[in-house]
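Thank you for asking me to look through this model. My notes are set out below as numbered points for someone who has not seen it before.

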Amino acid sequence: LTRERERLAALLPFPEEVVAGLDKLSVLRLSAGYLRAKSFFSGMKSQGSWEQQLHSHTGREAPMHLLIFTDLQALNGFVLVVTSEGLIFYSSHTIQDYLGFHQVDVMHQSVFELIHTEDQQEFRRNLHWALSAPHAPEGEPSTEGGKSLGSAAVTYKPDQLPPENSSFLERSFVCRFRCLLDNSSGFLALNLQGRLKFLHGQNKRSEDGSALPPQLALFAISTPLQPPSILQIRTKNMIFRTKHKLDFTPLACDAKGKIVLGYTEAELRMRGTGYQFVHAADMLYCAENHVRMMKTGESGLTVFRLLTKENRWKWVQANARLVYKNRKPEYIIVTQRPLVDEEGGEHLRKRSMHLPFTFATGEAVLYQSAYPLPGFPDPFQSKGKTSKSKKTSHSHGGCSQKDRVDPSSLLGAVMQQDKAVY
């Protein structure tokens, strides 16, 4: 079974580093989603042009559903296709630029998990051909997904529906979607504009085993209700995102992050906790905001230095958010913007004017550091050298425990770094 799953994962039309981070259920979910999409586009052969144009432009026949939407960077939004049951049939990769979710996180998932509770009924209404979707049971609007997806959906025969080119099937409405980016309050208002179209080639069957006719699905372009500012447009191409475990161990990094830092995802995951990449003078500052995020769900803006593959320090401005599943924190998404050295230095000067860090907020528990802290010297006298010597001196204070340094602690992270980088 494991070998078959690995073979199935290798066939998915996603980059190797994305596939490597998928769990078993995600592989099966994405495989089902890809096969449904492939079946839909294969059914379009009878209508000609699409496949011929794709083949003539790309020289490839598959995966067609990925080739349809190739140049989306110029679009102020992302493409979204949702079935009548509320399942995300397709989402363009540019959804990450607006909501922070990777394409593989949302494909073949319930769209209602992303929509604000108060807007879910409006979305259901627009999925229905007559704008009169049945109301969800009281108290259950946000849990509709998975097995219960089809419970509220009604199947129709084609002769019961308006013609596909009818203006009656055009849609334009506003919904708030969950957003992981730091420029929102957790939700982003999107204007969805498109129309209901038949979803061919799905081969669905009713309870008695008879084949069901194609049903209508929402094909829409989702754009932010508030247009982006010039500054947002300029900085959009510089921002990268990383995914971490709750202890900040790196799990994934997008393509822009690999360009900025120079590491592959495998190299990021080999180092242990993500603190091996953080400058010694910034570690306690990052840990303080890490603990804040575990308590409140968001770290707030954090400016610190990351170690690149060329052994240079790169200033970034980051905001980390907890992502919950079934009301429990599951992983951390960090949105990071590179800064120039002058801007980073200015932040460092402002930080040095604040009071020293408090050590009663949980770092010792979270990072399993058993070392007593005899005193707190000013760590900002020389951009990290003092901070590093502070950690070295406090390791001498507990020299009997030196052989028992936890590699996942802050001290362990510093000791794993090459001194030459400073």
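The points that follow take up one strand and its partners, then a sheet with its helices, and finally a patch on the surface.

1. Please keep in mind throughout that this is a predicted model, and that the remarks below describe that model.

2. I would begin with strand β1, which covers residues 78-82, and ask how many of its residues are buried. The count is 5 of the 5, so the strand is largely enclosed by the rest of the structure.

3. The burial of β1 can be followed face by face, and it helps to recall that in a regular strand the side chains alternate between the two faces of the sheet. Here Phe78, Leu80 and Val82 lie on one side while Val79 and Val81 lie on the other, and with all of these residues buried, both faces of β1 are covered.

4. Strand β1 has pairing partners in β5 and β2. With β5, residues 215-224, β1 pairs in the antiparallel sense over 5 bridges, and with β2, residues 88-91, the pairing is again antiparallel, over 3 bridges. Leu80 is a useful residue to locate in the view, since its bridge partner in β5 is Ala220 and its bridge partner in β2 is Ser91.

5. The connection between β1 and β2 also deserves a look, as the two strands form a hairpin with 5 residues between them, and Gly86 in the turn has a positive phi of about 95 degrees.

6. Elsewhere, 5 strands form an open sheet with antiparallel pairing, in the order β7-β6-β10-β9-β8. Its edge strands are β7 (250-253) and β8 (302-307), each of which pairs on one side only, and the twist from one strand to the next averages 35 degrees.

7. At the β8 edge, β8 pairs with β9, residues 313-325, in the antiparallel sense over 6 bridges, and Thr302 stands opposite Ala318 in β9.

8. Which helices lie across β8, β9 and β10? Helix α12, residues 280-296, does so while running at about 125 degrees to β8, and helix α13, residues 341-352, also lies across these strands, running at about 70 degrees to β9.

9. Finally, I would point to a nonpolar surface patch of about 410 Å², made by Leu8, Leu11, Leu25 and Leu28, to which α1 (2-11) and α3 (24-42) each supply at least two residues. Leu11, found in helix α1, has a relative accessible area of 59%; because exposed means over 50%, Leu11 counts as exposed.

Definitions and conventions: Residues are numbered from 1 along each chain as its sequence is written. This is a predicted model: local features need pLDDT of at least 70, side-chain atom pairs count only at pLDDT 80 or more; totals for chains, interfaces and linings use all residues. Side-chain values use heavy atoms; hydrogens and water are left out. Buried means under 20% relative accessible area, exposed over 50%, partly exposed in between (1.4 Å probe, protein chains only). Helices (H or I, at least four residues) and strands (E, at least two) are DSSP runs, numbered from the N terminus. Two strands pair if DSSP finds at least two bridges between them. Axes are lines fitted to C-alpha atoms, for helices over the stretch in contact, and angles run from 0 to 180 degrees between N-to-C directions. Contact means heavy atoms within 4.5 Å. Patches are made of residues with over 30% relative accessible area and no salt bridge: like charges are joined within 9 Å, nonpolar side chains (Val, Leu, Ile, Met, Phe, Trp, Tyr) within 5 Å. Accessible areas come from the Shrake-Rupley method with a 1.4 Å probe; for residues, only the protein chains shown count as cover. A salt bridge is a side-chain nitrogen of Lys or Arg within 4 Å of a carboxyl oxygen of Asp or Glu.
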